[in-house]
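Dear colleague,

I am handing over the structure below, and my notes on it follow. Please read them with the coordinates open beside you.

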Amino acid sequence: MSALTKKIQDRLWGPSIQNLLPGLSAGLVIGLLSIFTNISFAAILFSGELSGFVARGIGLMLLGAVFSALVGIFFGTFSANVIEPQDGPVAVLSVISVAIA
């Protein structure tokens, strides 16, 4: 059995049943917060002349968040990671996109 397979099995079946409800509720809250944050970041990035592409931007932001979370879950060393796009780079990118468009 490879080390990655062992790590995935430990992450999936490691927690006890007493920790299941708090873990699921925390995951639900963080997931909903991540969805709303990514939608708002896409709306900021694709504003003005780029507003016609806001739907694609929302999809790309959500897809990027899912891939980032999966990489953090399976390859991170700390099991309680919350991986979320930061607002600083979004502000800088929005200024650059307005200047380009």
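Since this is a predicted model, confidence comes before anything else: within the protein chain, helix α3 (residues 54-75) has the highest mean pLDDT, at 91, whereas helix α1 (residues 3-13) has the lowest, at 70. Over the protein chain the average pLDDT is 84, and 89% of the residues score at least 70. Where pLDDT is low, the predicted coordinates should not be read in detail.

Turning to helix α2, which covers residues 20-45, I compared its span with expectation: the 26 residues, at 1.5 Å a residue, should span 38 Å, and the end C-alpha atoms are 37 Å apart, which agrees. The buried residues of this helix are S34, T37, N38, F41, A42 and L45, and α3 and α4 are among the elements that cover them.

The largest nonpolar core consists of 5 residues, namely F41, A42, L45, M61 and V90, and helix α2 supplies the largest share of this core, with 3 residues. One of the core members, L45, is in contact with L50, M61, V90, L93, S94 and S97, if neighbours within four places in sequence are left aside.

The same check on helix α4 (87-100) gives a similar outcome, in that its 14 residues should span 20 Å at 1.5 Å a residue and its end C-alpha atoms are 20 Å apart, which agrees. Its buried residues are V90, S94 and S97; seen down the axis of α4, they fall within an arc of 70 degrees, so they line one face of the helix. On the other side of α4, the residues V95, A99 and I100 are exposed. The cover over the buried residues of α4 includes α2, just as the cover over the buried residues of α2 includes α4.

Which residues does S94 touch, not counting those up to four places away in sequence? They are I44 and L45. S94 lies in helix α4 and has a relative accessibility of 12%, which is under the 20% cut-off, so S94 counts as buried. S94 is also 51 residues away from A43 in sequence, while the two are 9.7 Å apart in space, taken from C-alpha to C-alpha.

With best regards

Definitions and conventions: Residues numbered from 1 in each chain as written. Predicted model: local features only at pLDDT ≥ 70, side-chain atom pairs only at ≥ 80, totals over all residues. Heavy atoms only, no water. Core = buried A, V, L, I, M, F, W, Y, C linked by side-chain atoms within 4.5 Å. Buried < 20%, exposed > 50% of the residue type's maximum accessible area, 1.4 Å probe, protein only. Helix = DSSP H or I, 4+ residues; strand = E, 2+ residues; numbered from the N terminus. Contact = heavy atoms within 4.5 Å. pLDDT = per-residue confidence, 0-100. Expected span 1.5 Å × (residues − 1). Arc of directions from axis to C-beta.
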